[in-house]
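Student: Please pick one spot in this protein and take me through it up close. Then go outward from there, step by step, and I'll follow along on my screen.

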Amino acid sequence: MSRTREFGPALQNMRLLAIAGVALASCALAHPNSLINLNVGGTRYTTKQDTLRNADGSMLAAMFKAASPSLDKDASGAYFIDRDGAAFRHILNYLRDAHLPIQHLSDEEREAVLREARYYNIEKLVEELSARGLEKGGSEYTTAFGTYTT
């Protein structure tokens with residue numbers, strides 16, 4: 001009797017256990033309730049990965065679609081996004097609640113949130129802000145990356 005046949009069932013069981021272990025580890029990383037630590041323009045946020053995926057077609061949904069996003073991290077291990085950290089608070093609340101009570105925001109805050117919503121491609125928020133008095137085609141500003149309209 002050859003050694004392969006002698007150890008065949010044991011090797012097969014070990015291989016299945018190894019495959020199951022990899023699958024379990026992948027599930028743990030891809031769990032939609034995994035906490036994500038963010039550093040947005042120097043402001044820290046902690047949220048669930050699923051929350052960041054709430055706006056279908058958005059840049060955030062695409063960025064955090066993978067179990068382990070390949071984004072820049074800061075020294076603490078938080079994912080770094082080089083955007084307006086103060087305005088991101090409103091973006092994150094919108095992703096959590098699918099609504100943003102903008103009546104409490106100043107005109108400057110609304111413009112900042114609209115600019116960020118456009119950047120992250122959160123179309124429904126852009127529509128909601130535009131319908132409430134922030135018309136498309138407002139202020140224009142130029143950066144090293146191009147000209148933007150708020």
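Tutor: Let's start at Gln-49, which sits in helix H2, residues 49-52. Keep in mind as we go that this is a predicted model. Is Gln-49 buried or exposed? Its relative accessible area is 1%, and anything under 20% counts as buried, so Gln-49 is buried. Now look at where its side chain goes: Gln-49 reaches the backbone oxygen of Phe-64, at 3.0 Å. So here's a polar side chain that is buried, by its 1% relative accessible area, and its partner in this contact is a backbone oxygen rather than another side chain.

Next, step back along the chain to strand S2, which covers residues 43-48. Strand S2 pairs with strand S1, residues 35-40, in the antiparallel sense, and 6 bridges join the two. To find one of these on your screen, take Leu-35 and look across to Lys-48 in S2, its bridge partner. S1 and S2 make a hairpin, with 2 residues between the strands. Click on Gly-41 in that turn and you'll find a positive phi, about 55 degrees. S1 also has a link to S3: these strands run parallel, joined by 3 bridges. For a landmark there, use Asn-39, whose bridge partner in S3 is Phe-80.

While we're at S2, how many salt bridges does the protein have? The count is 3. One of them starts right here, where the side chains of Arg-44 and Asp-74 meet at 2.6 Å, N to O. Trace the chain between these partners: Arg-44 belongs to S2, while Asp-74 lies in the loop between helix H3 (59-63) and strand S3 (79-81), and the pair joins distant parts of the chain, 30 residues apart. Asp-74 counts as buried because its relative accessible area is 17%, below the 20% cut-off.

Another salt bridge brings together Arg-83 and Glu-116, with N and O at 2.9 Å. Arg-83 is in the loop between S3 and helix H4 (85-97), and Glu-116 is in helix H5 (residues 107-119), so this pair ties together parts that are 33 residues apart in sequence. Check how covered each partner is. Arg-83, at 22% relative accessibility, is partly exposed, whereas Glu-116 is buried at 2%.

The remaining bridge on our tour is between Arg-110 and Asp-107, at 2.8 Å from N to O. Where do these two sit? Both are in helix H5, 3 residues apart, which is about one turn of the helix. Their surroundings contrast: Arg-110 is buried at 18% relative accessible area, and Asp-107 is exposed at 51%, just past the mark of over 50% that counts as exposed.

Since we've landed on H5, let's stay a moment. H5 has 13 residues, which at 1.5 Å a residue should span 18 Å; its end C-alpha atoms are 18 Å apart, so the model agrees with the expected figure. Its buried residues are Arg-110, Ala-112, Val-113, Leu-114, Glu-116 and Ala-117. You've already met Arg-110 and Glu-116 in the salt bridges. The buried residues of H5 pack against H4 and helix H6 (123-131). Between the end of one helix and the start of the next, look for Asn-121: just after H5, this residue takes a positive phi of about 60 degrees.

Now turn it around and look from H6. Its buried residues are Leu-125, Val-126, Glu-128, Leu-129 and Ser-130, and the cover over them includes H4 and H5. That's the other side of the packing you just saw from H5.

Zoom all the way out to finish. The protein has 6 helices and 5 strands, and from the N terminus on, the elements run α-β-β-α-α-β-α-α-α-β-β. Of its 150 residues, 31% count as buried, Gln-49 among them. Among contacts with a separation of 6 or more, 51% come from residues 24 or more positions apart. The protein exposes about 9,600 Å², with carbon and sulfur atoms supplying 54% of that area.

Methods
Residues are numbered from 1 along each chain as its sequence is written. This is a predicted model: local features need pLDDT of at least 70, side-chain atom pairs count only at pLDDT 80 or more; totals for chains, interfaces and linings use all residues. Side-chain values use heavy atoms; hydrogens and water are left out. A salt bridge is a side-chain nitrogen of Lys or Arg within 4 Å of a carboxyl oxygen of Asp or Glu. Helices (H or I, at least four residues) and strands (E, at least two) are DSSP runs, numbered from the N terminus. Buried means under 20% relative accessible area, exposed over 50%, partly exposed in between (1.4 Å probe, protein chains only). A polar contact is a pair of N or O atoms within 3.5 Å; within protein, one must be able to donate a hydrogen and the other to accept it, and residues adjacent in sequence count only if both atoms are side-chain atoms. The expected span of a helix is 1.5 Å times one less than its number of residues. Contact means heavy atoms within 4.5 Å. Accessible areas come from the Shrake-Rupley method with a 1.4 Å probe; for residues, only the protein chains shown count as cover. Two strands pair if DSSP finds at least two bridges between them.
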